[in-house]
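Thanks for coming, everyone. I have two spots to walk through today. Let me put the structure up.

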Amino acid sequence: MAYKIIASQCTACGACEFECPNSAISMKGDIYVIDAVKCTQCEGHFDEPQCAAVCPVEGTCVPA
């Protein structure tokens, strides 16, 4: 299952984009989005999804 970004909570800080090992996060309009096809929840890279770990707004990067 991929992760998603709750658009209404995204501050567009960009922290998540640079932490994603699969380049699954990109800017779309004025918020960031996660490409579900590319998202592996960081399995094989980290113990937890990095988008959720680095996001300054708790509950913004969540399982889809």
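**Two loop residues**

Start at the strands: Met27 stands opposite Tyr32 in β3. Keep in mind that this is a predicted model.

Now widen the view. β2 and β3 pair in the antiparallel sense, over four bridges. Together they make a hairpin with two residues between the strands. Gly29 takes a positive phi there, near 70°.

Next, Asp30. You'll find Asp30 in the loop between β2, residues 25-28, and β3, residues 31-34. Is Asp30 buried or exposed? Asp30 has 62% relative accessibility, so it counts as exposed; the cut-off for that is over 50%. One distance to note here. The C-alpha of Asp30 is separated from the C-alpha of Ala12 by 6.9 Å. Along the chain, those two are 18 residues apart.

Second spot: Thr60. This one is in the loop between α2, residues 50-54, and β4, residues 61-63. Thr60 counts as buried, because its relative accessibility is 1%. Buried means under 20%.

What does the side chain of Thr60 reach at 2.9 Å? The backbone oxygen of Val57. There is also a side-chain partner. A polar contact of 3.1 Å joins the side chains of Thr60 and Gln9.

Now the wider surroundings of Thr60. Set aside its neighbours within four places in sequence. Thr60 is then in contact with Lys4, Ile5, Ile6, Gln9, Cys10 and Cys55.

So, to recap the two loops. Asp30 is exposed. Thr60 is buried, and its side chain has a polar contact with that of Gln9. Happy to rotate the view for anyone.

Definitions and conventions:
Residues numbered from 1 in each chain as written. Predicted model: local features only at pLDDT ≥ 70, side-chain atom pairs only at ≥ 80, totals over all residues. Heavy atoms only, no water. Buried < 20%, exposed > 50% of the residue type's maximum accessible area, 1.4 Å probe, protein only. Pairing = 2+ DSSP bridges. Polar contact = N/O pair within 3.5 Å; in protein donor to acceptor, adjacent residues only side chain to side chain. Contact = heavy atoms within 4.5 Å.
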